[in-house]
Amino acid sequence: MKILILNGPNLNRLGLRKPEIYGSRTMAQILLEIQQNWPEVHFVYKQSNHEGDLIDWIQNLSPTLPSREGEEGFAGIVLNAGGYSHTSVALRDAIEESEVPVVEVHISDIHAREPFRNTDLLTDVCAHTIIGHGTNGYKEAVEHIITAAGC
């Protein structure tokens with residue numbers, strides 16, 4: 001089984017940027033813990049500050065869509081789209097068209113933050129959404145994908 005963990009803008013700064021909101025754990029620490037919990041799963045991690053990269057990576061996992069990379073066999077995508085969750089119709093469209101289930105993660109409780117963060121364009125096209133569970137949300141998302149895949 002393969003799972004893509006996909007992070008959007010500013011998440012390359014996880015552990016450094018606003019630790020009072022996003023925590024002090026780095027993505028490398030989170031990934032190590034996930035890999036230790038599920039050694040039988042092949043995890044692929046990608047991060048970009050560019051919206052088009054995220055869209056391309058999601059589209060490349062759908063076997064019936066034209067693809068440059070032709071990656072196949074993914075059971076799901078764990079997606080923390082960062083600020084694009086609140087702004088990107090294009091990313092929403094890619095998720096809606098995806099044949100691979102997407103589990104959305106928000107580290108903080110977006111409903112308890114600034115009003116502009118209360119709008120999430122992705123939730124209704126994702127298989128599941130985890131909000132406000134800190135960086136443990138990544139593990140919960142992986143658990144959801146594994147359970148949904150029947151493993």
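## Exercises on a parallel sheet and its helices

In this predicted model, β4 and β5 pair in the parallel sense over 4 bridges. Let's start from that pair and work outwards.

**Exercise 1.** Find which residue of β5 is the bridge partner of V103, then work out where β4 and β5 sit in the strand order of the sheet.

*Solution.*
- Step 1: Look across from V103 to β5, where the bridge partner is H128.
- Step 2: Now turn to β3, which pairs with β4 in the parallel sense over 3 bridges. Here V103 of β4 is the bridge partner of V78.
- Step 3: Move on to β3 (residues 74–80) and β1 (residues 2–7), a parallel pair with 6 bridges. Within this pair, K2 has F74 of β3 as its bridge partner.
- Step 4: Put the pairs into the whole sheet, which is open, has 5 strands with parallel pairing, and follows the order β2-β1-β3-β4-β5. The edges are β2 (42–47) and β5 (128–131), each of which pairs on one side only. On average, neighbouring strands of this sheet are turned by 20° against each other, direction ignored.

**Exercise 2.** Decide whether the residues on the two faces of β4 are buried or exposed.

*Solution.*
- Step 1: Set the cut-off: a residue is buried if its relative accessible area is under 20%.
- Step 2: Take one side of the strand, with V102, E104 and H106; these residues are buried.
- Step 3: Take the other side, with V103 and V105; they are buried too, and both faces are covered.
- Step 4: Conclude: 5 of the 5 residues of β4 are buried, so the strand is largely enclosed by the rest of the structure.

**Exercise 3.** Determine the handedness of the β-α-β unit made by β3, a helix and β4.

*Solution.*
- Step 1: Identify the helix between the two strands as α4 (residues 89–97).
- Step 2: Follow the path from β3 through α4 to β4; the unit is right-handed.

**Exercise 4.** Describe how α5 is placed against the sheet and against α2.

*Solution.*
- Step 1: Begin with the sheet. Helix α5 (residues 136–148) lies across β1, β2, β3, β4 and β5, and runs at about 155° to β3.
- Step 2: Add helix α2 (residues 27–37), whose axis comes within 10 Å of that of α5, with a crossing at roughly 35°. The crossing is right-handed.
- Step 3: List the residues in contact: α2 supplies M27, I30, E33, I34 and N37, while α5 supplies Y138, K139 and V142.
- Step 4: Sort these contact residues by character, which gives 5 nonpolar, 1 polar and 2 charged.

Technical notes. Residues are numbered from 1 along each chain as its sequence is written. This is a predicted model: local features need pLDDT of at least 70, side-chain atom pairs count only at pLDDT 80 or more; totals for chains, interfaces and linings use all residues. Side-chain values use heavy atoms; hydrogens and water are left out. Two strands pair if DSSP finds at least two bridges between them. Axes are lines fitted to C-alpha atoms, for helices over the stretch in contact, and angles run from 0 to 180 degrees between N-to-C directions. Contact means heavy atoms within 4.5 Å. A crossing is left-handed if the near helix is turned anticlockwise from the far one by less than a right angle, and right-handed if clockwise. Ala, Val, Leu, Ile, Met, Phe, Trp, Tyr, Cys and Pro count as nonpolar, Asp, Glu, Lys and Arg as charged, and the others, Gly among them, as polar. Buried means under 20% relative accessible area, exposed over 50%, partly exposed in between (1.4 Å probe, protein chains only). A crossover is right-handed if, with the strands pointing away from the viewer, the path from the first strand over the helix to the second runs clockwise.
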